[in-house]
Amino acid sequence: MLTKQEVEHVALLARLALSEEEKEMYTRQLRDILEYAARLNELDTADVPPTSHVLPLSNVFREDEVGEHLAPEEVLANAPEREGGFFKVPRIV
Amino acid sequence: MELDLCLLPAHRLHAMLVKREIGAVELLQAVLRRIDEVEDRVRAYITVTREEALQQAREADRMLSRGEVASPLVGIPVALKDNLCTIGVRTTCASKILYNFVPPYDATVVRRLRDAGAVLVGKTNMDEFAMGSSTENSAFFPTRNPWDLGRVPGGSSGGSAAAVAAGEAVMALGSDTGGSIRQPAAFCGVVGLKPTYGAVSRYGLVAFASSLDQIGPITRDVEDCALLLRAIAGHDPLDTTSARFEVPDYASFLEEGLRGFRVGVPREYAGEGIDPGVRGVLMRVIGLLEQMGAVVEETTLPHTPYALPCYYLIAPAEASSNLARYDGVRYGYRTRDAEDVVDMFMKTRSEGFGPEVKRRIMLGTYALSAGYYDAYYLKALKVRTLIKGDFDRAFKDYDVLLAPTSPTCAFRLGEKTADPLQMYLSDICTLAVNLAGIPAISVPGGLAEGLPVGVQFIGRPFAEGTLLRVAYCVERRVGTFVAPLARSPAAAAARAGEGAAGRGEDG
């Protein structure tokens, strides 16, 4: 059964900072949903291949040619913070 | 009686535009007036692009007066779900995390509509990141159903369906990951089609679950659906999952009739849990199909009970991966105060995403995490194979399958927000279609207690023409449906807030 500690771990993996109430709520709700999802175990799928994609596609190759692209100014236009031609973020190291 | 331009389908407006009986600017102004009259109650739009639309309408008039008719969509006002990127026009996904995002490019479907001469009216409300079945998960405001303002329009493309039903757009695009075109179309009494996976380019559609998402039309009638689908379908080199196929003239299928046509009704979709009013409409439609010469038989899709749990592992898993990109670095919302970069990521995402989006990210991250991947995600992918196999077998015997679009009519605002599983059950009739990657259309089949009921036809891959053909036959017999608010917006204004809606039926 899903525990609050697991919820805290998953939240860290997902880069979500949850409040105490959110942790309680998601522990309860995810537990319900996962319990419901456990129904899938009624099915024997030992010999069933997985379907990750419905189309019979493998790799799609094309020639490596320069196509249309955005100007740097357009790419940076939505940046929350920038400096010159760069996206600016808080200090990393 | 003066003809209300806001109630006519695009194919009739097109004939009037070509004959110069009306102008594109005149048509747009009628739609903008309707928006002014009803939008404060319906709230279908996040953004209305009046100025850009006027310019496009003027250009359409210039083309039409020169006799240049690029397509059946020239001068037709179309609304776009706000997860379709529009160059220079805010695209929010109804999320705080994208509240200020202005895309530097158009989605392929948007570019195709521009090339076809359509007039783009605005961006419609939706559940945040298309996660929901009622449009109540919008970070900005809920949209209301034009049939009854106390009820939801469905979701997640609720704004698009409500706009078409209220006369605030002639046609619209939505996206469908688990029913998000078909269920709101059913709730609002309009037509909605989810194309075969790969039939329409997803380039510029903000991704939710990449192996399930498809863009498709929401329209007043089936002929419009055929026209809009033709305009957007076809291979696109910018989407590697887009299929190479010849796009047919979908409208050419409409008149073929149903003689010898074989319809299967999966018993799993017609039994328990389906509202009596919805079942009544389904039974009437079955009777009509038989009258028109179709053979209707009960069939089975035995893995149907597993579609919901399968979907609610796969879709959140893909979403948790797709939504990792919202980190406050390149676009969108960023938290005000952060100590370091990880703190910035965590606060930005926690403040920027709403509760349902966080719930699905959590669920998906868990299903993909070490130790649980095989038990949940891989298991769901295997069950997906079984669900797809059910459909493959059924299509050996039947041209199409028939099912309700939703187990109920439009429900009340707030009715299902407390319990996520109850809300998820609203998509029980539509989810399996996305897992199998096949096309399906919802067409109004009748009314139950004054509210529209949609019936859903499900087809083989790339058999959209067949779906349009059978939906057209149903529409011929039951007519199209006009929401009371769209019929007399002024009277609806007087009734505002009462949430009252009467019966309205048109031909």
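Q: Among contacts in chain B between residues at least 6 apart in sequence, what percentage joins residues at least 24 apart?
A: This is a predicted model, in which local features need pLDDT of at least 70 and side-chain atom pairs pLDDT 80 or more, while totals for chains, interfaces and linings use all residues. Residues are numbered from 1 along each chain as its sequence is written, with chains lettered from A and ligands numbered from 1 in the order written. Counting a contact when C-beta atoms placed from the backbone lie within 7 Å, the share in chain B that joins residues at least 24 apart is 77%.

Q: What percentage of chain B is buried?
A: A buried residue has 20 or more other C-beta atoms, placed from the backbone, within 10 Å of its own. Of the 507 residues in chain B, those that are buried make up 63%.

Q: What radius of gyration does chain B have?
A: Chain B holds 18 helices and eleven strands, which are DSSP runs of at least four residues (H or I) and at least two (E), numbered from the N terminus. The globule rule, 2.2 Å times the number of residues to the power 0.38, with the radius taken over C-alpha atoms, gives 23 Å for 507 residues, so chain B is as compact as a globular protein of that length, its radius being close to this at 21 Å.

Q: Which residues of H10(B) make the contact with H2(A)?
A: H10(B) covers residues 307–322 of chain B, and H2(A) residues 20–37 of chain A. On the H2(A) side the contact is made by A:Ile33, A:Tyr36 and A:Ala37, and on the H10(B) side by B:Pro309, B:Tyr312 and B:Leu313.

Methods
A residue is buried if 20 or more other C-beta atoms lie within 10 Å of its own, exposed if 12 or fewer, and partly exposed in between; C-beta atoms are placed from the backbone. Two residues are in contact if their C-beta atoms, placed from the backbone, lie within 7 Å. Axes are lines fitted to C-alpha atoms, for helices over the stretch in contact, and angles run from 0 to 180 degrees between N-to-C directions.
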